[in-house]
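Please examine the sequence and the structure shown below before reading the report that follows.

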Amino acid sequence: MQASRARLFKEYKEVQREKSADPDIQLVCDDSNIFKWTALIKGPSETPFEGGVFQLAFSVPEQYPLQPPQVRFLTKIFHPNVHFKTGEICLDILKNAWSPAWTLQSVCRAIIALMAHPEPDSPLNCDSGNLLRSGDVRGYQSMARMYTRLAAMPKKG
Amino acid sequence: MSKRVLCKFFAHGACLKGEHCEYSHDWNDPPNLICTFYQKGVCAYGSRCRYDHVKVSRPQSSTASSSITEQRPPVSDDVVFGNTGITSNGVAAAPEFSPSRSPSLIPSTPGWNQEQQYHEFVGEDDVGQSRIISPAEIPICSFAAAGNCPRGETCPHIHGDLCRTCGKHCLHPFRPEERAEHIKSCENKQKHLEALKQSQEIECSVCLERVLSKPTAAERKFGLLSECDHPFCISCIRNWRSSNPTLGMDVNSTLRACPICRKLSYFVIPSVIWYSTQEEKMEIVDSYKAKLKSIDCKHFDFGDGNCPFGTSCFYKHAYRDGRLEEVVLRHLGAADGDTVIAKDIRLSDFLASMHLQ
């Protein structure tokens with residue numbers, strides 16, 4: 001309990017210190033609860049998510065960093081490894097390949113990498129996975145871009 | 001009166017007043033075990049106080065007062081009270097007492113008189129010259145050896161040669177073994193200090209703190225992994241390796257692996273300093289293993305128990321008579337021509353498997 005708090009506080013200071021270091025990630029800690037974080041990540045370029053800003057919700061367990069944080073998308077996203085309704089993310093480093101050397105910041109980076117490189121063979125969103133698996137890359141990209149426009153971009157006008 | 005109470009400084013083996021002490025230096029006399037603060041009302045130590053919390057004015061109420069009265073049966077309670085009355089302010093009263101009682105103990109001039117000392121030294125030196133002893137037997141000036149001799153050039157004693165590592169004049173010019181020994185130990189010390197200095201900056205990747213800046217001494221240790229060179233606190237890496245494998249984590253590929261490079265290490269070596277070369281790491285690992293090898297294995301239990309680690313156990317496997325365990329490995333020829341090393345075969349294993357069928 002005390003160890004996780006100390007570690008999160010360290011990460012908080014680190015985030016404050018190099019706020020401009022990674023322009024694609026903006027990590028914010030909840031004002032009253034250091035175990036709750038939100039992050040805004042930019043969709044990687046040359047993907048259907050380009051131009052979108054996605055919101056992530058972190059829920060950090062008390063055993064952190066011995067156990068991974070729970071992360072989910074708050075913004076709707078059409079991606080084979082993200083549950084379309086709940087925003088749950090299927091990523092090995094958030095489950096069985098977790099290591100205490102990961103930080104919230106590096107988890108965000110891993111999620112950005114996952115957005116650019118989907119794994120259609122372990123899908124949480126079967127429709128998206130099937131499109132990719134059947135080779136319909138154009139169909140997948142247009143669907144993903146549509147949802148990015150609908151949910152992850154500021155409304156115009 | 002207080003002569004009948006054992007002096008507590010004497011009891012610890014160091015009473016500066018010697019025979020002038022107003023307390024007894026006779027082991028047969030009882031010590032004063034009554035808390036003086038409690039007598040006055042409040043003792044800050046409360047129940048943790050090492051002295052007895054009893055009111056001595058109440059007759060025969062405690063072990064301390066009764067033990068005193070036992071030894072001196074004719075003395076009544078008010079004497080006991082008076083006794084402790086003196087000891088209760090004995091600490092404060094002592095400086096007033098001692099000059100009058102033992103004037104010889106407080107010299108009017110300080111004993112560490114420069115001039116007097118100088119004459120002594122000169123006198124010694126003269127004797128040394130007249131007897132002609134070998135220069136190796138003359139001790140070197142201890143002031144110079146400690147760093148600085150106030151007399152400098154005029155010092156009658158030999159000033160040792162400068163040790164380059166510690167910067168003190170502590171090398172005896174005529175004792176070669178002593179010199180070599182000092183230089184060696186000094187260099188080792190210096191190396192250790194350097195390593196410690198370099199280790200200060202190193203951070204643990206689990207708690208993200210500097211390992212040697214942790215609050216408790218037990219935490220200020222590195223945990224070295226045998227197969228890679230990533231630094232962690234001993235507590236962090238042990239916690240991670242012993243944490244429960246949840247969410248389908250594989251013990252070998254996740255928990256036993258380095259959190260950074262995922263290289264599998266089977267054991268962690270505690271160390272106060274971080275190494276800079278592989279030789280230093282080997283030295284740390286070897287000394288750790290040697291230390292464990294001198295401790296009896298609790299699983300082996302002098303031959304009564306059974307150690308699950310067998311021949312690869314780091315601890316000592318010795319029987320009660322000091323004989324070391326001899327391991328005879330059973331080599332079995334497998335069908336494909338390879339040889340395998342068989343584990344211990346036990347009757348209980350067969351019985352257990354039969355029971356299942």
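## The annotated cysteine of chain A

In this predicted model, A:Cys90 is in contact with A:Asn81, A:Ser122 and A:Leu124, when its neighbours within four places in sequence are left aside. The unreviewed UniProt entry lists A:Cys90 under "active site". Along chain A, this cysteine is found in the loop between β4 (70-73) and α2.

Is A:Cys90 buried, exposed or partly exposed? Because 17 other C-beta atoms lie within 10 Å of its own, A:Cys90 is classed as partly exposed; a buried residue would need 20 or more, and an exposed one would have 12 or fewer.

## The fold of chain A

Four helices and four strands make up the regular elements of chain A. Their order along the sequence is α-β-β-β-β-α-α-α. Chain A has 157 residues, of which 36% are buried. Among its contacts between residues at least 6 apart in sequence, 54% join residues at least 24 apart.

A second loop residue, A:Gly51, sits between β2 (36-42) and β3 (53-59) of chain A. It is counted as partly exposed because it has 14 C-beta neighbours inside 10 Å. Residues up to four places away in sequence not being counted, A:Gly51 touches A:Gly43, A:Thr148 and A:Met153. The C-alpha atom of A:Gly51 is 8.5 Å from that of A:Arg149, although the two residues are 98 apart along the chain.

## Nonpolar cores

In soluble globular proteins, nonpolar side chains tend to be buried together. The largest nonpolar core of this model has 57 residues, and the members that touch the most others are A:Leu56, A:Cys108, A:Ile111 and B:Cys233. Which helix gives the most to this core? It is helix α2 (residues 104-116) of chain A, with seven residues. Another core, of five residues, lies apart from it; B:Ile140, B:Ala144, B:Cys170 and B:Leu171 are among its members.

The contacts of one core residue may be followed individually. Beyond residues up to four places away in sequence, A:Ile111 touches A:Ile41, A:Leu56, A:Ile89 and A:Leu91.

## Contact between the chains

How many residues of chain B are in contact with chain A? There are 16, and they meet 13 residues of chain A. The chain B side of this contact comprises eight nonpolar, six polar and two charged residues. For the complex, the predictor reports an ipTM of 0.81 and a pTM of 0.61.

## Annotated regions of chain B

An unreviewed UniProt entry places the feature "zinc finger region: C3H1-type" at residues 1-28, 29-56, 135-162 and 291-320 of chain B. Two of these spans may be described in turn. Residues 135-162 of chain B are 18% helix and 0% strand, with their end C-alpha atoms 18 Å apart. For residues 291-320 of chain B, the figures are 10% helix and 0% strand, and the end C-alpha atoms are separated by 20 Å.

## Confidence in chain B

Chain B has a mean pLDDT of 74, and 73% of its residues reach 70 or more. Over residues 58-111 of chain B, however, pLDDT stays under 50, and the model has 51 contacts beyond four places in sequence for them. Residues 113-130 of chain B also stay under 50, with six such contacts. Where pLDDT is low, the predicted coordinates should not be read in detail.

Conventions: Residues are numbered from 1 along each chain as its sequence is written. Chains are lettered from A and ligands numbered from 1 in the order in which they are written. This is a predicted model: local features need pLDDT of at least 70, side-chain atom pairs count only at pLDDT 80 or more; totals for chains, interfaces and linings use all residues. UniProt positions are given in the numbering used here, feature names are shortened, and annotations may be inferred rather than shown by experiment. Helices (H or I, at least four residues) and strands (E, at least two) are DSSP runs, numbered from the N terminus. Two residues are in contact if their C-beta atoms, placed from the backbone, lie within 7 Å. A nonpolar core is a set of buried Ala, Val, Leu, Ile, Met, Phe, Trp, Tyr and Cys residues joined through C-beta atoms within 7 Å. pLDDT is the predictor's confidence in each residue, from 0 to 100. Ala, Val, Leu, Ile, Met, Phe, Trp, Tyr, Cys and Pro count as nonpolar, Asp, Glu, Lys and Arg as charged, and the others, Gly among them, as polar.
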